[in-house]
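Trainee: Hey, I've got a new structure to look at and no idea where to begin. Can you walk me through it?
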2 protein chains.
Amino acid sequence: MMEDKAPNLETDGSKQRLRFWLQMLRSTKYLENSLREKLRREYGTTLPRFDVLAILYKSRDGLKMSALSDGLMVSNGNVTGIVDRMVSDGMIEREDIPGDRRAKLVRLTEKGVTEFEIMAEQHEGWVAELLADINEQDIATAHTVLAKIRGE
Amino acid sequence: MMEDKAPNLETDGSKQRLRFWLQMLRSTKYLENSLREKLRREYGTTLPRFDVLAILYKSRDGLKMSALSDGLMVSNGNVTGIVDRMVSDGMIEREDIPGDRRAKLVRLTEKGVTEFEIMAEQHEGWVAELLADINEQDIATAHTVLAKIRGE
């Protein structure tokens, strides 16, 4: 571009922050792809399905669909379609909410709980393997920095 | 689960690594959502479109569709559909590759270059703003740790 640029672009660390963000994206994508491939190969399942199981596992009394969507870590995709298939597969059940005729609660079945626990243990091992070359001090430091991004 | 667990699960830092990975996902998703919203509001465009522009901007001589897909940072989605629309919008042009009758080269038009440069400058500013509370030393440290994940 030929226009004048804001004078502080180079000096205020914005280039450094942009490079950091691109690195964050690349590394996240790399880990996500590795985990997606392992889930597919070992369990014939997908990241969004795993993600749905993980959220419902933490809220064992069940969640409304809206709360489930809000909690998803990976891509939201078609949450309704994913849940429909997981109901067919017997991993999730739907239940009426007293006093709310429009919304339903979704919750893990016993089968869903068991299958998630098996996968979750292996998933934790995969993450540990993928991050094995990074020492715990470095992980703690990076964790703190990443948490600051959301003002935590 | 009632089965025996591998004895080193708790002690070898795998829980810490899992928590770090979940933090990484949350922070990445937070920044991605913020940038997606800003791109939509300010330019009526999407992250995948911005991503396509960014990749083609770095390879000004053009890329095959396969190389473009491989380079995408965000979700791959329907790259063909995205490129088709960007051709209609005059941001991208397609060109035959001599000696290769099946593949085409895609490359930015002059309009695509100009529009990307305007958006890229603002995008850099948004990233700088979103990461403004994190000091440069912390960013450098986290950058190094994230780079190690891919063995860089």
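**Where the two chains meet**

Mentor: Sure, let's begin with the contact, to which chain B gives 56 residues and chain A gives 56 residues. Keep in mind that this is a predicted model.

Trainee: Okay, how much area do chain B and chain A bury between them?

Mentor: About 5800 Å². Carbon and sulfur atoms account for 66% of that buried area.

Trainee: And how many salt bridges are there across the interface of chain B and chain A?

Mentor: The rule finds six of them there. In one, the side chain of A:Asp138 meets that of B:Lys148, with 2.7 Å from N to O.

Trainee: What about residue pairs in polar contact between chain B and chain A, how many?

Mentor: There are 17 such pairs, counting those with both residues at pLDDT 80 or more.

Trainee: Which helices of chain B supply residues to the side that touches chain A?

Mentor: Helix H1 (14-43), helix H5 (110-130) and helix H6 (136-149) of chain B each bring at least two residues to that side. H1(B) gives the most, with 20 residues.

Trainee: What's the mix of classes on that side of chain B?

Mentor: The side of chain B that touches chain A has 28 nonpolar residues, plus 17 charged and eleven polar ones.

Trainee: Switching topic. What order do the strands take in the sheet of chain A?

Mentor: The order is S1-S3-S2 in chain A, an open sheet of three strands with antiparallel pairing. Strand S1 (63-64) and strand S2 (92-97) of chain A are the edge strands, each pairing on one side only.

Trainee: Remind me, what do strands pair through?

Mentor: Backbone hydrogen bonds, and the pairing can be parallel or antiparallel.

Trainee: Got it. How many bridges join S2(A) to S3?

Mentor: Six, between S2(A) and strand S3 (residues 100-108) of chain A, and the two run antiparallel. To find your way along them, look for A:Ile92 opposite A:Leu108 in S3(A). You can also spot A:Asp96, which stands opposite A:Lys104 in S3(A).

Trainee: And what's in the hairpin of S2(A) and S3(A)?

Mentor: Two residues sit between the strands, and A:Gly99 in that hairpin takes a positive phi near 85°.

Trainee: How many bridges join S1(A) to S3(A)?

Mentor: Two, and again the strands run antiparallel. A:Leu63 has A:Val106 as its bridge partner in S3(A).

Trainee: I see a salt bridge with A:Lys64. Which residue does its side chain meet?

Mentor: The side chain of A:Asp100, at 3.3 Å from N to O. A:Lys64 is in strand S1 of chain A and A:Asp100 is in strand S3 of chain A, so the pair ties together parts that are 36 residues apart in sequence.

Trainee: Why can side chains like that pair at all?

Mentor: Side chains of opposite charge can pair when their charged atoms come close.

Trainee: How many salt bridges does a search of the whole structure find?

Mentor: It finds 24 over all chains.

Trainee: Back to the sheet in chain A. Where does helix H4 lie?

Mentor: Helix H4 (residues 79-88) of chain A lies across S2 and S3 of chain A, and runs at about 110° to S2(A).

Trainee: Now chain B. What's the strand order in its sheet?

Mentor: S1-S3-S2 in chain B, with three strands in an open sheet and antiparallel pairing. At the edges are strand S1 (63-64) and strand S2 (92-97) of chain B, each of which pairs on one side only.

Trainee: Over how many bridges do S2(B) and S3 pair?

Mentor: S2(B) pairs with strand S3 (residues 100-108) of chain B over six bridges, in the antiparallel sense. There, B:Ile92 is opposite B:Leu108 in S3(B). Helix H4 (residues 79-88) of chain B packs on this sheet and touches S2 and S3 of chain B, its direction making about 110° with that of S2(B).

Trainee: And which residue in the turn of the S2(B) and S3(B) hairpin has a positive phi?

Mentor: B:Gly99, with a phi of about 85°, in a hairpin that has two residues between its strands.

How values were computed
Residues are numbered from 1 along each chain as its sequence is written. Chains are lettered from A and ligands numbered from 1 in the order in which they are written. This is a predicted model: local features need pLDDT of at least 70, side-chain atom pairs count only at pLDDT 80 or more; totals for chains, interfaces and linings use all residues. Side-chain values use heavy atoms; hydrogens and water are left out. Contact means heavy atoms within 4.5 Å. Buried area is the accessible area (1.4 Å probe) that two parts lose on being put together, summed over both. A salt bridge is a side-chain nitrogen of Lys or Arg within 4 Å of a carboxyl oxygen of Asp or Glu. A polar contact is a pair of N or O atoms within 3.5 Å; within protein, one must be able to donate a hydrogen and the other to accept it, and residues adjacent in sequence count only if both atoms are side-chain atoms. Helices (H or I, at least four residues) and strands (E, at least two) are DSSP runs, numbered from the N terminus. Ala, Val, Leu, Ile, Met, Phe, Trp, Tyr, Cys and Pro count as nonpolar, Asp, Glu, Lys and Arg as charged, and the others, Gly among them, as polar. Two strands pair if DSSP finds at least two bridges between them. Axes are lines fitted to C-alpha atoms, for helices over the stretch in contact, and angles run from 0 to 180 degrees between N-to-C directions.
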